[in-house]
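Visitor: Could you take me on a close look at the salt bridges here, one pair at a time? I would like to know which side chains take part and how exposed they are.

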Amino acid sequence: MVLDKEDGVPMLSVQPKGKQKGCAGCNRKIKDRYLLKALDKYWHEDCLKCACCDCRLGEVGSTLYTKANLILCRRDYLRLFGTTGNCAACSKLIPAFEMVMRARDNVYHLDCFACQLCNQRWMLYFPELH
């Protein structure tokens, strides 16, 4: 998978004293003690959001994705632009954002991953992961 652009979203612990930074999201001065720096711009914590799901990117991790002039969280980037593949067990499509199990060169839906000897599904032992 090739990302158009991937940038870290470092949380600056304290805004430097002196001249207040302008927010790239709302164009107002950032008077808060904490701010985010991403894409070489400064942001209020509430202003740096995913264009699709509106989640606050500073809260969901330290990575954001950009493509087609959109700022996206990882899940929405993969949903919109990620690659899909087929399950080695059922041959059905696996969406790019779905969690999978991998064994050697094979990829499986979580529900399809099973022991080849006894056909026991692994989800019976870890239902909380599903």
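**The salt bridges up close**

Guide: Let's start with R56 and E59, whose side chains meet in a salt bridge with 3.3 Å from N to O. The term salt bridge here stands for a side-chain nitrogen of Lys or Arg within 4 Å of a carboxyl oxygen of Asp or Glu. A word on the model before we go on: it is predicted, so local features need pLDDT of at least 70 and side-chain atom pairs count only at pLDDT 80 or more, while totals for chains, interfaces and linings use all residues. Residues are numbered from 1 along each chain as its sequence is written, and side-chain values use heavy atoms, with hydrogens and water left out.

Now to the surroundings of this pair. E59 is exposed, at a relative accessible area of 57%, whereas R56 is partly exposed at 26%. For these words, buried means under 20% relative accessible area, exposed means over 50%, and partly exposed is in between, using a 1.4 Å probe and protein chains only.

R56 also has a second partner: its side chain meets that of D46 in a salt bridge, at 2.7 Å from N to O. Both D46 and R56 lie in the loop between β4 (41-43) and α1 (57-60), so this pair ties together parts that are ten residues apart in sequence. Those element names come from DSSP runs numbered from the N terminus, with helices (H or I) of at least four residues and strands (E) of at least two. D46 is partly exposed, with 45% relative accessibility.

The next pair sits in a helix. R79 forms a salt bridge with D76, and their closest N and O atoms are 3.2 Å apart. The two residues are three apart in helix α2 (residues 74-81), so about one helical turn separates them. Their exposure is worth a look too: R79 is partly exposed, with a relative accessible area of 42%, but D76 is buried at 5%. Back at the earlier pairs, D46, R56 and E59 are joined into one network by salt bridges that share partners.

And how many salt bridges does that rule give in total? The count comes to three. If you wonder what lies behind such pairs, side chains of opposite charge can pair when their charged atoms come close.
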